[in-house]
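Please look through the structure shown here. The text below leads through the chain as a whole, then one sheet, its cores and two buried polar residues.

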Amino acid sequence: MSASFRILTGLLASAALLTACSSPAPATSNSPAETLTANVVRTLPHDREAFTQGLEIYDGKLYESTGRNGSSFVTVSDLESGAELRRVDLSAEYFGEGFTVAGDTAWQITWRDGVAFARDPQTLQEVRRVRYDGEGWGLCESPEHGLVMSDGSSTLTFRDPATFEETSSTEVTVDGKPVSNLNELECAEDGSVYANIWQTFDIARIDPDTGAVTAMIDARPLWDAMTADERAGADVLNGIASIPGSDRFLVTGKLWPTMYEVEFTQSK
């Protein structure tokens with residue numbers, strides 16, 4: 001079993017105190033996209049063998065799904081101690097992608113296999129499988145929109161959280177231009193959808209009602225914070241999880257040895 005990442009004790013207990021230091025409120029869909037940056041609050045260990053595809057905090061625990069055929073798995077870890085509680089490996093035929101918990105179902109999608117796994121969020125055991133068309137990249141759950149899924153294009157697809165059936169979709173744009181390579185997603189408490197932009201250090205904050213990007217966040221400081229040895233073998237930025245009760249996030253990348261607690265603030 002690969003080494004689990006560890007998160008500093010008391011993260012949730014201190015979350016309520018973070019609201020006073022919140023990042024700027026989201027812009028409206030008619031406003032130009034803000035330019036924000038990622039400021040590191042804490043540096044945390046991360047499993048260097050994890051080809052991160054999905055990252056989410058749910059019910060006081062951290063869930064992470066990973067990719068690559070033959071090494072895709074899902075873990076759930078204790079948010080306070082960082083101890084790995086459960087792990088489920090996918091069979092080698094599947095390339096794991098995004099992951100989210102929607103009520104009593106944890107959904108895990110696959111890249112080009114067209115299969116979504118419905119899992120028990122407590123045990124991670126498979127309950128059933130459903131088929132879908134196209135590629136699967138990122139996944140999150142919004143109270144207003146249901147499941148939100150990306151496929152590497154500029155489209156976000158909304159799906160029923162019980163059946164996984166597509167209900168609608170929207171094109172993501174910034175200043176009227178499509179934004180492609182939408183990757184890992186996070187549905188935040190402010191109603192926005194945050195998306196890693198594949199092969200960049202950018203994270204887009206999206207209004208799911210309109211598809212408009214309300215902010216573009218430069219996460220390059222996270223890469224710069226790592227040493228040359230830590231960057232060796234590390235892949236692209238991917239993995240964002242909002243910390244409940246705060247405006248802070250956990251952010252990491254594929255095969256990164258570190259994960260960061262960050263806040264998004266105005267660029268100077």
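The protein chain exposes about 11,000 Å², and carbon and sulfur atoms supply 48% of that area. The model is predicted. The chain has 268 residues, of which 54% count as buried. Its secondary structure consists of three helices and 22 strands. Among contacts in the chain with a separation of 6 or more, 54% are made by residues 24 or more positions apart.

A useful place to begin is an open sheet of eight strands. Its order is β16-β17-β18-β19-β1-β22-β21-β20, and the pairing is mixed. The edges are formed by β16 and β20 (237-242), each of which pairs on one side only. On average, neighbouring strands of this sheet are turned by 30 degrees against each other, direction ignored.

From the β16 edge, the sheet can be followed strand by strand. Strand β16 covers residues 182-187, and six of its six residues are buried, so the strand is mostly covered although it lies at an edge. It pairs with strand β17 (residues 193-197) in the antiparallel sense over four bridges. Within this pair, Cys187 stands opposite Val193 in β17. The hairpin of β16 and β17 has five residues between the strands, and Gly191 takes a positive phi near 90 degrees there. On its other side, β17 pairs with strand β18 (residues 202-206), again in the antiparallel sense and over four bridges. Ala195 stands opposite Ala204 in β18.

Next come the nonpolar cores. The largest has 20 residues, and the members that touch the most others are Tyr194, Ile203, Leu222, Phe249, Val251, Trp256 and Phe264. Two or more residues each are given to this core by β1 (34-45), β19 (213-218), α2 (220-224), β20, β21 (248-253) and β22 (258-266). The largest share, three residues, comes from β22.

Leu222 serves as an example from this core. Not counting residues up to four places away in sequence, Leu222 touches Ala38, Val40, Leu237, Val251, Trp256, Tyr260 and Val262. A second, separate core has 15 residues, including Cys140, Leu156, Leu182 and Ile206.

Not every buried position in the chain belongs to a nonpolar residue. Which residue of strand β22 is a case in point? Glu261 lies in strand β22. With a relative accessible area of 2%, Glu261 falls under the 20% limit and is therefore buried. The side chains of Glu261 and Arg248 are joined by a polar contact of 3.4 Å.

The other case is Thr52, which lies in strand β2 (residues 52-58). Is Thr52 buried or exposed? Its relative accessible area is 0%, so Thr52 is buried. The side chain of Thr52 makes a polar contact of 2.6 Å with the side chain of Glu64. Leaving aside neighbours within four places in sequence, Thr52 is in contact with His46, Glu64, Ser65, Asn238, Gly239, Thr252, Gly253 and Lys254. Glu64 thus appears both in this list and as the partner in the polar contact.

Note on methods: Residues numbered from 1 in each chain as written. Predicted model: local features only at pLDDT ≥ 70, side-chain atom pairs only at ≥ 80, totals over all residues. Heavy atoms only, no water. Buried < 20%, exposed > 50% of the residue type's maximum accessible area, 1.4 Å probe, protein only. Contact = heavy atoms within 4.5 Å. Areas by Shrake-Rupley, 256 points an atom, 1.4 Å probe, with all protein chains shown as cover. Pairing = 2+ DSSP bridges. Axes fitted to C-alpha atoms, helices over the stretch in contact; angles between N-to-C directions. Core = buried A, V, L, I, M, F, W, Y, C linked by side-chain atoms within 4.5 Å. Polar contact = N/O pair within 3.5 Å; in protein donor to acceptor, adjacent residues only side chain to side chain.
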